[in-house]
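Reader: Hello! I am new to this structure, and I would love a close look at a single part of it. Could you take me to the place where the ligand is held and walk me through what is around it?

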Amino acid sequence: MTQAPNQGTSPKEKKSLNWAELGFSYHATDYRFRAVHRNGQWSEGELITENTIVAHEGAPALHYAQQCFEGLKAQTAPDGRVLLFRPELNAERMRQAAGRLLMPEVPESLFIRGVEEAVRANYAWIPPHGSGAALYIRPMLIGLGENLGLKTANEFEFRVFVSPVGPYYKSAGLAVISLAVSELDRAAPSGTGNYKIGANYAGGLLATRMAQQLGANEALYLDARERKYIDEAGSANIVVSMKNGSFVTPGSNAVLPSVTRRSIMTLAEQELDLSIEQRAINLREELPDFEEVAACGTAAVISPVGKIWVDDQWHRFYGNGEEAGPVMKRLYELLVGIQRGETDDKFGWTHEVNCSV
Ligand SMILES: *Cc1c(COP(=O)(O)O)cnc(C)c1O
């Protein structure tokens, strides 16, 4: 990293970025948080400016994917407060992943402190309210240190870096996307699909490319055992608003437990009075009953799915697959309103990062 932090600008002065034009890509910021685990304990942790990691050539993260990560956003409220959305759920999910991969858990206090420090130190990069952009936060836990054989690392790094981002799918706001059922499987029934670990994603790059060659934005994975039931998309969970008025999400244990999806289910039940269900969704049999479909996640927010490619043809949903339907629109507004501090946070989901210290 070449630029000196905050050179010539006050840390409280926003960078002059064209916030509205940002895509979902890496934009270097000034600081990142790092803590290391050696000899059974975590270091205190510190802010650094170096945006590379020097790893031993045998590091288990590089060979055996002994690593996990998280993704969340910080957004600016109308009154200037900086808000995280349910970060304790990300901390919990990272603890689960660490346990599954024999890595030391990052205590919730260290996780939240690392996220808060990285956000606060990069205050100038947090997109202002109303810009449509957000500060994406990427915590990661990786297995480092000298190694050759297949065993757990002897050293770990917990790092948190941030990047201002725009919408994940090209157009701003509620972009209608399309999915193509993948011939490739994402996760085995008792595998690691429910953890946010690097090992689940390299295999999906080809599936995404194949879906894009069919003209879709993303792959849609079915369950690996029977290839009948919806699992999820490459980086987003699926929710379906049925013609009978129920609001459904797959009950599969091979999907990532999305914080966004869990929040949407609560909003659908409590704010829209829909009857919610978490159960197996047989894609081919139930397609005709789908009224609106959406993909959801921190990056995708709620992206209405207009059409799905199944068995060599497109199946279209609300508005002939061209527009967002009323249920997903309403849920998007409710969710984003809370995340951006525009509406009453009646569920206590937002977490303010004090940026005045
Ligand atoms: C990160 C991710 C999601 C979304 O989870 P959120 O907690 O809502 O961001 C969904 N599916 C996969 C495979 C993911 O990696």
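Author: Let's start with T298: a polar atom of its side chain lies 2.6 Å from an oxygen atom of the ligand. Bear in mind as we go that this is a predicted model. The protein covers 96% of the ligand's accessible area, which is 380 Å² for the ligand on its own.

T298 has company. The side chain of T260 also offers an N or O atom, and an oxygen atom of the ligand is 2.6 Å from that atom. With V259 the contact comes from the backbone instead: one of its N or O atoms there lies 2.8 Å from an oxygen atom of the ligand.

Now step back to the whole shell. In total, 15 residues surround the ligand. T260 and T298, which you have just met, are among the closest, and K196, Y201 and S258 belong to that closest group too. What kinds of residue make up the shell around the ligand, by nonpolar, polar and charged? Seven are polar, while four are nonpolar and another four are charged. As for the place itself, the ligand sits in the largest pocket.

If you would like one more stop before you explore on your own, turn to helix α3, which runs over residues 108-121. Both R113 and E117 lie in this helix, four residues apart, or about one turn. Their side chains meet in a salt bridge, with 3.7 Å from N to O. The structure holds 19 salt bridges, and the pair R113 and E117 forms one of them.

Methods
Residues are numbered from 1 along each chain as its sequence is written. This is a predicted model: local features need pLDDT of at least 70, side-chain atom pairs count only at pLDDT 80 or more; totals for chains, interfaces and linings use all residues. Side-chain values use heavy atoms; hydrogens and water are left out. A residue is near a molecule or strand if one of its heavy atoms lies within 4 Å of it. A polar contact is a pair of N or O atoms within 3.5 Å; within protein, one must be able to donate a hydrogen and the other to accept it, and residues adjacent in sequence count only if both atoms are side-chain atoms. Accessible areas come from the Shrake-Rupley method with a 1.4 Å probe; for residues, only the protein chains shown count as cover. On a 1 Å grid over the protein atoms alone, a cavity is a set of points where a 1.4 Å probe fits but cannot get out, and a pocket is an open set with protein on both sides within 12 Å along at least five of seven lines; lining residues have an atom within 4 Å of a point. A molecule sits in a cavity or pocket if more than half of its atoms lie within 2 Å of its grid points. Ala, Val, Leu, Ile, Met, Phe, Trp, Tyr, Cys and Pro count as nonpolar, Asp, Glu, Lys and Arg as charged, and the others, Gly among them, as polar. A salt bridge is a side-chain nitrogen of Lys or Arg within 4 Å of a carboxyl oxygen of Asp or Glu. Helices (H or I, at least four residues) and strands (E, at least two) are DSSP runs, numbered from the N terminus.
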